[in-house]
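Let's take a stroll through this model together. Keep the viewer open as you read, and turn it as each part comes up.

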Amino acid sequence: MGEESFAISTLTFLGAAIIMVPLVKRFGLSSVIGYILGGIIIGPFVLKLTGTGAEGVMHATEFGVVMLLFLVGLEMEPKKFWSMRKQIFGLGIAQVGLTIIILTSILILFNWEKNVALAAAMCFAMSSTAIVLQTLSERHMMHTSSGEASFATLLFQDIAVIPILAILPIIAKREVEEEGNSKFLIQMLPEWMQSFSVLIGVAGLIFLGRYVFVPFLRYVSRSGMSELLTASSLFLVIGVSELMIAVGLSPALGAFIAGVMLANSEFRNELESNIEPFKGLLLAVFFVSVGAMMNFDVIAKDYIFIFSLVGLVLVVKFFVLLLIGKIFKIQWGQNLFYAFALSQVGEFAFVLLGFSKRIFLINQNLFAQLMAVTAITMLVTPILLIVYDKFIAPNTAPKGEGIDSEFDITTSNVKQKKIIIVGFGFFGSTVGRLLKANKIAATILDHDPERVKVLRSYGFKVFYGDATRYSILEAAGIQEAKILVLCLDNPEDNKQIIEMVKEKGLKVKIFVRAKNRNDAEDFLRNGIDNLYRETMGTAVNMAVDVLHEVGMRKYTARRMGKRFELIDEAALKKMAKEQDLDANSFTIKDSILREQALLAEDSRNFETYHLIEEEEEEELDDFSKQEQPANS
Amino acid sequence: MKFKKNQYIFKKKSYFYANQKNLPKTLVLFAHPFFEFPDSNQELIAMYQNKEQFDFIDLYEVYPNFHIPAFRERKRLSKYSKIVFHFPLIWFDMPPLLRLWLDEVIDGSWTKEYIDNPLEGKNIYIIITSISKEKSFGENGKYIYSIEDLLAGFLITLKIFKTKIHPIYVVYESESQSFKEIEAHKANFLNLINPTSI
């Protein structure tokens, strides 16, 4: 595969992603389905756009998984990681071991050769890090108990790939011809130390993370050039994964540990925002290439075999996961999600299958069939999760980590209250405290299990639940509630809830927190009048104090501040009305133009004393007419 | 009929008072900083409700921040021929927000001859509630001053802007009024505003 064909395939893949993902998102499906469908459409069986490049592209973009794990590592402090060790090895060994044993025995029952059955079972024991982590982060479920269990299992699978790669030649009873010098570092060690390669690699990384990475990043950042930091972020991730390959370890594992080591450093946010786009891009292309690799000829030729194998693998993995979830005391609803999420065969299978074919453990035909099985299970996962969401989650919704069932909105008996507060961080808790001080009861929802635990311990009756899901709002009593107070950090989440409530035609009055002007205009266009810009009041108070500091009387300054607020609000409403309704996506140039319009409005309103009076008050007149619920 | 808290402005068409349709438009400026504590005002202000004639403004509900947009208030004045000031006596004076309303809205230049005076010729009605007894006011009472004495500044201000001030109507012992007494007060005061009706 030449350089050019790689670039062209990547281009095609990105194109497919750009077209398909917004489409499936519109149907409320996971982006992964969009990517894979896009891949199938451009693949050799529909549009024939990809040629033979797909496999190459897939291998190149597996690097996205490495970056994904690096980012996950960044979110996890070393302490937290250390406390997860039991989960990683317990869940991991149980899952991989049990799946391999059961699948092998069943396959042997169906007259497979023993060594082929074992090899296939080993490949099928792996789950897809890319799909599962993508799904978890899309659903904000990384910190739930099923999220952590999934993650621990995936991490162990990452580690397990190495020994499996070592075992495969043994069961093939064949010497592998050495693949270059890719493992040269580990081979320089004495024989007895080679078996401890994992430990040596991890220890090396921990050392590097502590004494090399941070000083290195500090050195780079002193140059003050942001592109250098991006470059060194990439350098770090690629460097670590190459290093791990060199010592014969999984690059994903290496990247994860590097991430963990940097989680406490001051560069965390910088690294995150630098790597994030690359990760997204690579993963997108990776998913598309999975779709493009679906070989429909192979599937059509022996579809009974393929689909029964798909069914078998999914069922066996599902029940194994369910069983070990039960053993590890994961709550039932969480356990179901865990079992559904990890039931597919992952991208490591592509690597392992390719390797098995190279050592003549499986023949070309079986290889193609197993590859197809793998790709189909990956495509099935998002569909299974939809089934889970629609039919199973409403009855056994996933709960937060360590959340007692009485904390969980879906399982507790919630007394109907007039007010529902969604989001109880710094913003929401201020609202809640003022209400509570005045003995106004409200049902409080938050989606951060840690925060719920802390608040509960201080006697705040806060429920755990992700309010962007309607079933949760329903459990909180949205049907009968009079007021819905939205204080979530993320404006998109607030918007989503508003849309949901409007769609259901509920009469509840909505009060919403807005990040800034643009948000506020958005809400206004959605017909929400009670919006609170978090930056507005504080900024005005600050300006009032500055005015006083330069000599204005305090009372006069306060009056000017108040007047400014009213004028600004009127201007906001005016501009929101003038904006096109479909101008939801605006460019930077747009927002600069709007800023100019705002300043022009200001100078009109504040120019001379007389003008102020008339113009301002006229504005106010319009504005307050809307404000007052006149019963005329 | 209970007056709902957030209905601080109402202009409902009334079918019961169809015969009053041609009555002069009347602006009611109501100021009460402690409205949620029961005195007779909750019942008294019901007399403005559901009547075409009255535009009722609860100042403490409309301007909770004590920021009064003067221009709007001035513009509003021109629509009415009668203005009612309705407030409880607080420490022998009017509530501070009403005082602020006067300060912000009334412009000294209106007394000059060549300048339009929006207050000129308006009929002013004042209804005051007080928790004290009637006999406590005036020379012989323990407060020495009469209510007119206490509100002298207000009355003079209204006078120099050439308004027509009608006698102050006072509801004494406002915390212990019976239903019947309140009904009587309502009727009396409405009769004061619209002498021909009822």
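## A walk through two chains

Chain B holds seven helices and six strands, where helices (H or I, at least four residues) and strands (E, at least two) are DSSP runs numbered from the N terminus. Before going further, bear in mind that this is a predicted model, in which local features need pLDDT of at least 70, side-chain atom pairs count only at pLDDT 80 or more, and totals for chains, interfaces and linings use all residues. As for labels, residues are numbered from 1 along each chain as its sequence is written, while chains are lettered from A and ligands numbered from 1 in the order in which they are written.

Staying with chain B, its elements follow the order β-α-β-α-α-β-α-β-α-α-β-β-α from the N terminus on. Of its 198 residues, 27% are buried; a residue gets that tag if 20 or more other C-beta atoms lie within 10 Å of its own, counts as exposed if 12 or fewer do, and as partly exposed in between, with C-beta atoms placed from the backbone. Among contacts in chain B between residues at least 6 apart in sequence, 84% join residues at least 24 apart. Contact here asks that the C-beta atoms of two residues, placed from the backbone, lie within 7 Å.

One spot in chain B to click on is F92(B), in the loop between β3 (82-88) and α4 (96-105) of chain B. F92(B) isn't a glycine, yet its phi is positive, near 65 degrees. It counts as partly exposed because it has 14 C-beta neighbours inside 10 Å.

Now over to chain A, with 29 helices and six strands. Here 41% of the 632 residues count as buried. Take the contacts in chain A with a separation of 6 or more: 74% of them come from residues 24 or more positions apart.

A good helix pair to look at is α8 (residues 129-138) and α9 (residues 145-172) of chain A, whose axes come within 11 Å and cross at roughly 160 degrees. Axes are lines fitted to C-alpha atoms, for helices over the stretch in contact, and angles run from 0 to 180 degrees between N-to-C directions. That angle makes α8(A) roughly antiparallel to α9(A), a label for angles over 145 degrees (under 35 is roughly parallel, 65 to 115 roughly perpendicular, and the rest oblique). The crossing of α8(A) past α9(A) is left-handed, meaning that the near helix is turned anticlockwise from the far one by less than a right angle; clockwise would be right-handed.

Which residues meet there? T129(A), V132(A) and L136(A) come from α8(A), and G147(A), S150(A), L154(A) and D158(A) from α9(A). That contact divides into three nonpolar residues, three polar and one charged. For that tally, Ala, Val, Leu, Ile, Met, Phe, Trp, Tyr, Cys and Pro are nonpolar, Asp, Glu, Lys and Arg are charged, and the others, Gly among them, are polar.

Further along, look for L236(A) in helix α13 (residues 226-246) of chain A. L236(A) is buried because 26 other C-beta atoms sit within 10 Å. Leaving aside neighbours within four places in sequence, L236(A) is in contact with F213(A) and A258(A). The C-alpha atoms of L236(A) and A258(A) are 8.6 Å apart, with their positions 22 residues apart along the chain.Next comes the sheet of chain A, an open one in which six parallel strands take the order β3-β2-β1-β4-β5-β6. Strands pair if DSSP finds at least two bridges between them. Since β3 (462-464) and β6 (530-533) of chain A stand at the edges with a single partner strand each, one side of each is left without a neighbour in the sheet. From one strand to the next, the twist averages 20 degrees.

Inside the sheet, β1 (residues 419-422) and β4 (residues 483-486) of chain A pair in the parallel sense over four bridges, and V422(A) has L486(A) in β4(A) as its bridge partner. Four bridges also join β4(A) to β5(A), again running parallel, with V485(A) partnered by F511(A) in β5(A).

Helices pack on this sheet too. Helix α22 (residues 449-457) of chain A touches β2 (442-446) and β3 of chain A, and its direction makes about 155 degrees with that of β3(A). Helix α24 (residues 491-503) of chain A lies across β1, β4 and β5 (509-514) of chain A, at about 165 degrees to β5(A).

Finish at K439(A), in the loop between α21 (426-437) and β2 of chain A. Though not a glycine, K439(A) has a positive phi of about 60 degrees. With 6 other C-beta atoms within 10 Å, K439(A) is exposed.
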